[in-house]
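Let's take a walk through this structure together, one feature at a time. Have the sequence and the model open beside you as we go.

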Amino acid sequence: SVTLAYVLHNHGWLSHDPDDSLEARWALAKCDMIRSRTHSSLSAMAFAEQRYRSTDAEYANRSRDKRMSQLQWLQDQGKSAGCEEFYLPTT
């Protein structure tokens with residue numbers, strides 16, 4: 001069962017996508033969601049590097065910095081949720 005206190009505490013992990021599993025919609029699969037968001041952020045960072053590094057290095061740097069900040073936050077969330085350890089790039 002899910003309590004209101006649980007929902008309030010985990011509101012950032014609730015999914016509004018009707019195609020997501022019931023567990024994902026109610027933030028009961030937080031570790032899976034963290035891994036999914038980590039993968040998406042890494043993919044977006046790789047795309048920006050590949051697409052913009054040679055034409056707009058400043059944008060590529062800003063994009064990388066933003067994604068690295070998100071990845072660090074996700075890693076911290078994963079640790080606090082007790083998820084299995086996963087490693088992120090250091091640069």
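How many disulfides does the structure hold? There is one, and the model in which we find it is a predicted one. The bond joins Cys 31 to Cys 83, with a sulfur-to-sulfur distance of 2.0 Å. Its torsion about the S-S bond is -90°, making the link of Cys 31 and Cys 83 left-handed. Cys 31 sits in helix H3, while Cys 83 belongs to the segment after helix H4 (57-81), so the pair ties together parts that are 52 residues apart in sequence. The two partners can also be placed by their accessibility: Cys 31 is partly exposed, at 21% relative accessible area, whereas Cys 83 counts as buried, at 11%.

From Cys 83 we can step into the interior. Cys 83 is one of twelve residues that make up the largest nonpolar core, and its companions there include Val 7, Leu 14, Met 33, Ile 34, Met 68 and Leu 71. Helices H3 and H4 each supply at least two residues of this core. As a broader note, nonpolar side chains tend to be buried together in soluble globular proteins.

Another member of that core, Ala 27, deserves a pause of its own. You will find Ala 27 in the loop between helix H2 (22-25) and helix H3 (30-52). Its relative accessible area is 1%, so Ala 27 is buried. Ala 27 also has a positive phi of about 60°, although it is not a glycine. Most residues other than glycine have a negative phi.

Trp 13 belongs to the core as well, and it brings us to the rings. The structure holds two aromatic pairs. In one of them, the rings of Trp 13 and Trp 73 have centres 5.5 Å apart and planes at 5°; because planes under 30 degrees apart count as stacked, this pair is stacked. The pair links distant parts of the chain: Trp 13 lies in the loop between helix H1 (4-9) and H2, and Trp 73 in helix H4, 60 residues apart. Is each ring's residue buried or partly exposed? Trp 13 is buried, with 4% relative accessible area, while Trp 73 is partly exposed at 43%.

The other pair is formed by Tyr 52 and Tyr 59, edge-to-face, with 4.8 Å from centre to centre and 70° between the planes. Tyr 52 is partly exposed at 26% relative accessible area, and Tyr 59 is partly exposed at 33%. Tyr 52 has a further neighbour: Arg 51 lies over the face of its ring, 5.1 Å from the ring centre.

Conventions
Residues numbered from 1 in each chain as written. Predicted model: local features only at pLDDT ≥ 70, side-chain atom pairs only at ≥ 80, totals over all residues. Heavy atoms only, no water. Helix = DSSP H or I, 4+ residues; strand = E, 2+ residues; numbered from the N terminus. Buried < 20%, exposed > 50% of the residue type's maximum accessible area, 1.4 Å probe, protein only. Disulfide = S-S within 2.5 Å. Core = buried A, V, L, I, M, F, W, Y, C linked by side-chain atoms within 4.5 Å. Phe/Tyr/Trp six-rings, centres within 6.5 Å; stacked < 30°, edge-to-face > 60°. Lys NZ or Arg CZ within 6 Å of the ring centre and 35° of its normal.
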